[in-house]
Amino acid sequence: MHPLLTEETGKKLLLLGNEAIVRGALEAGLAFATTYPGTPSSEIADNFFQIAAESDLYFEYSTNEKVALETAAGAAVCGVRTMCSMKHVGLNVAADPLMTLAYVGVRGGLVIVVADDPSMFSSQNEQDSRIYAGLSNLPMLEPRSAEEAKEMTKEAFDLSEKLELPVLLRTTTRLSHYRGIVTTGALRSPKTNGDFQKDSSRFVTVPSVARVRHKVLLEQAEKAREMACRSSFNTIVGSGPWGIVTSGMANNYVEDAVRDLGIEDKVGFLRLGFTHPFPEDLAEKFIRSAEKILVVEELEPVMENALKVVAQSKGLATPIVGKGPETFSRLYEYEPGKVRDVIARFFGIDYTSCTPIDIKKNPEQARLPMRPPNLCAGCPHRSTYYAVNSVLKEKGVEAVFPTDIGCYTLGVLPPLQVADFLICMGSSVTSAAGISKVTGKKVIAFIGDSTFFHSGITGLINAVHNKHKFILVVLDNGTTAMTGHQPNPGMEITPPGWNKPSISIEAIVRSCGVEQVTVVNPVNLSKTKEAIRQAVASDELSVILAKAPCPLYERRMLGTKPKRKFFVGPECNTDCTECVDTLGCPAMYKNTSPGAETTVTIDEQLCIGCGMCIQICKKIRPKKI
Amino acid sequence: MAEYRAYLTGVGGQGTLLATKILAEAAIHAGHNALASEVHGMAQRGGVVESTVLIGDIRSPIISDGEADVLLGFEPLETYRAMGKCSEDSVVISNDVPVMPFSVTIGKDEYPDVATLFGFIRKRVRQLNTLDARILALKAGAALSTNIVMIGALARSGVLPVPREAFEEIIRTKTKKRFVETNLKAFDLGFGTL
C-alpha cells in the first residue's frame, strides 16, 4: 500500500512539503487530479499517479497546464473535489482558463497548487505567483511547514466550496522539497461521481454573462477577505513595539532569528497564511500596534504594498519597510542568516554571527572545477547533437539553434553547444520561424517529445501555414525525462498496467502538413547524418524525428542491462582526443601525464554500451559482458 | 534543547538524499524533532547535490554560512566547496575518493590535490576525519552503499545526539529489503573507521 494511504490517524510521518499536500488532499476526499509535471511541483502528481492505481482517485498527466486546469475545471463544476498542480511558469500557460474560471467559479472544491522557484534551482525565471491571486481575484493560501501544508490543503477545499471559487495553494521550492513531521488525520472517502447542472447564465461567459459574473467574483472576493481576517492561518503572535510581517517559508527564518537575537518580548508578528484577499482589518490592527514594521517575504513586495495601502487609507504613518538596499532583495531565495542580519540591523540590535570559512582566501586553490549537470552516458540526445555538429562542420554551414525545455537543454554546454535561444515551453518551433525569416540563416530547432505535445504542435502548424523554412529536430526519448520520467502521450514503453493509447509524433507532424519528414534512430550515426545533410540542403521546412528511448527510463521500466561495453584499444597513443572533445560523453576521460601521449579511457562502470563512440573512432572496440 | 545542523554534500548518484532521509528518520526515532531539505531537479544529471538535516527546536530547513555543526562530504572537492557552511567549531567528515567533474575528464580543468584541500580544511575546523568510503562499501558488498558507510562514520563521530541503534533501526525498516544486510555491514564498516 502507498504510505500516504495509511488509515492510521495520529501517526507521525516525515514528509516532503509536496507529500504533505497529497495527504491533505486525501484527507479532504480528493476524487480527481490533473497536472503537467514541473519541478518543484512534480512529486505531488507523481504520488497521485501511484495512489490512483490503488484507490478511487482519478488522475491524469495532461498534455499541458492549460489542458490540466480546464479538465480539472470540468470535473469541479460537476461538484467533484479536484486538484490541479503545476510549477509557477505552468500557471502562465494556464492563465487563460484561470482568469475566466474565476468568473464562473466551481461547485466542487478546486485547489490549484502552484510551486514557485525562488533562486531558479530548475526554472527559467523566478516570477512570483502571488501576483496571479491579485490578477484573478482568487483566494490564496501559503503554508509555512509540511504540517501546515496538509492542514491548508484540507482548508482550501472547504474554502473553495464555501466561496464556489477555485483556491490557489502556493508553495516554493524550499517548502515543496523540505521534509517535516506531519501528523495524519482521517482519510475521507471521495465522491467520484458528479452531475453537470446546466446554468448558462453562469457558465457560458458571453459578454452579458461575464459582466454579471465579474460583479459576483468581486463580491465573493470581499467575503473571502472577511474569512482571511478571521482565518486561523492569519494571526498576530506576541506583542511589542517592533512589528514583523511574514508569510510562507519566511516565517521559519523569522522565528529562528527572533529567538537567536533574544528579542521575543519586543516583537509582534503578523503571520499570514491566507494571504489573498489581503486581510485588511487584521493588518490595520497590527499596524496600529507597532512603532515600525519590517516585512519579510521572498520575491516581490506583495504584502508590503498591501500593508502600505492599508496604512495610507487609514491615515497611519507607521514606517513599513520590506524591499530596499538596506533590507531585503527581490532576488533569490532567502536564508535564515540573511533574515537575522536584516532584522538585527533594522531594529538596531548588536549581533555578531559566526565567521564562515572562506575558501576564496586559499592561495593554493584559486579556482575550482565546476560541476554542472551533463547529459548522461548513452543519452541519445548527445548522438543527435553530435550528428548535427559534424554535418554542419562538414558543409561549412553556420546555424542558429533555438532549443526547448527538457534534459536536452543541457546541450548548451561544451563541447556540444547546440542551444542559442530559449524562453519557454514550445518556443523552439516558434522562435525558429522568426529567426529564420529575418536572418535568412540556417535554423535548426530542438524540441523534446513531451514538450512537443505540450506546446509544439500549434507552432508547427503555424510554420507550415506561413511557409517558414527551418529544420525542427524532435528529440523523442519516449518519456518526460527531466522531471522524473513521467508518462506522455507518445510513449511506447509504458508503466505496468498502463492502458492508454500511444499517439504517434510522426503522424502528427505529417498531418500538420510537413512534407519533409525523416525518422531516424540517433544512435545510428551515418543514417542520422544523412537525414541532417538532406534537411540542411533543402530550402523547405523539414522535421527530423530522432527517436530512441531514454536509457535510464528503459532500464527502469524493462530492467534492460547493457549487453556490451566499449573500450579504447592500446593503439590509442597519438594524442588524438577527438572522441572526448566532440562527444563529451561522461564515461570517457583523458589520461594525461607529463612526457607521455594523451590517451582516452572509457570508464566501464559508466559506459552503457550505446555504441555511439565506436562509429567515430576505429580504436574503440566492443567487449561482451 | 540543543540544536544541531548537519550539511550533506556530494555528487548526483552518490545517494546523499537517502543518507539525508536516514539521518532525519533516525533523529526522530531517537526522540528529537528533525527537518531535512533537499535540492532536486538539475542535480540528478551528475551535478552537485546538497542537503541538510536540522535536529532540535529549529524551524528553518536551510543552513546559513558558517552554521553547520557537522559537514558530511561524499566527495573531496565538494567537501571543500561547501566549507563556507562551516566555522572553526565545525566537524568535517569526508570521503576521500574523487568523482571527476566533466570539465576535468575532458581535460579542460585539473582536479585539485586532495591532500592540499584536506590540509586547508584541517587547519581551520575543530576536527576533520577522512575515509575511503568506496573501499569500505565494496567490502560490505556494493559500491552503492557508500552513502551508508558515510552515515556510519557520522554516527561514530558522536557529533549528533543520535545513537547507533537508531540508525540501525532505520536502515532495517526504511531501506530496500534486499540491501538491508549490505547496508548494515556498510554502516558497521563506516562506524569502525574513525
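Visitor: Which residue stands opposite A:Arg179 in β2(B)?

Guide: In this predicted model, the residue opposite A:Arg179 is B:Ala36.

Visitor: What makes strand β8 of chain A and β2(B) a pair?

Guide: Pairing requires at least two bridges found by DSSP. Strand β8 (residues 178-183) of chain A is joined to β2(B) by two bridges, so the requirement is met and the strands count as paired. Their course is antiparallel.

Visitor: Why is the meeting of B:Glu38 and A:Arg179 called a salt bridge?

Guide: The term demands a side-chain nitrogen of Lys or Arg within 4 Å of a carboxyl oxygen of Asp or Glu. Between the side chains of A:Arg179 and B:Glu38 the N to O distance is 2.8 Å. An Arg and a Glu are involved and the distance lies within 4 Å, therefore the name applies.

Visitor: How many salt bridges are counted between chain B and chain A?

Guide: The count is eight salt bridges between the two chains. Under the rule for polar contacts, 22 residue pairs are found across the interface of chain B and chain A, both residues being at pLDDT 80 or more.

Visitor: Which elements of chain B each supply at least two residues of the side that touches chain A?

Guide: They are α1 (16-29), β2 (34-38), α2 (76-81), α3 (102-105) and α4 (114-124). The largest share, five residues, comes from β2(B). By class, the residues on this side of chain B are 27 nonpolar, 16 polar and 15 charged.

Visitor: How many residues does each chain bring to the contact, and what area is buried?

Guide: Chain B brings 58 residues and chain A brings 56 residues. About 4,900 Å² is buried between the chains, with carbon and sulfur atoms giving 58% of that area.

Visitor: Into which domains is chain A divided?

Guide: The assignment gives domain 1 (3-230), domain 2 (235-347), domain 3 (380-491 + 504-558) and domain 4 (564-624).

Visitor: How do you know that domain 3 of chain A and domain 4 of chain A are in contact, when their C-alpha centres lie 27 Å apart?

Guide: Contact is judged by heavy atoms within 4.5 Å, so the distance between centres does not decide the matter. By that criterion, 11 residues of domain 3 of chain A are in contact with 12 residues of domain 4 of chain A. The area buried between these domains is about 950 Å², 63% of it from carbon and sulfur atoms.

Visitor: How many salt bridges and polar contacts does this domain interface hold?

Guide: Between domain 3 of chain A and domain 4 of chain A there are zero salt bridges, but four residue pairs are in polar contact (both at pLDDT 80 or more).

Technical notes
Residues are numbered from 1 along each chain as its sequence is written. Chains are lettered from A and ligands numbered from 1 in the order in which they are written. This is a predicted model: local features need pLDDT of at least 70, side-chain atom pairs count only at pLDDT 80 or more; totals for chains, interfaces and linings use all residues. Side-chain values use heavy atoms; hydrogens and water are left out. Buried area is the accessible area (1.4 Å probe) that two parts lose on being put together, summed over both. A polar contact is a pair of N or O atoms within 3.5 Å; within protein, one must be able to donate a hydrogen and the other to accept it, and residues adjacent in sequence count only if both atoms are side-chain atoms. Helices (H or I, at least four residues) and strands (E, at least two) are DSSP runs, numbered from the N terminus. Ala, Val, Leu, Ile, Met, Phe, Trp, Tyr, Cys and Pro count as nonpolar, Asp, Glu, Lys and Arg as charged, and the others, Gly among them, as polar. Domain bounds come from an automatic or database domain assignment.
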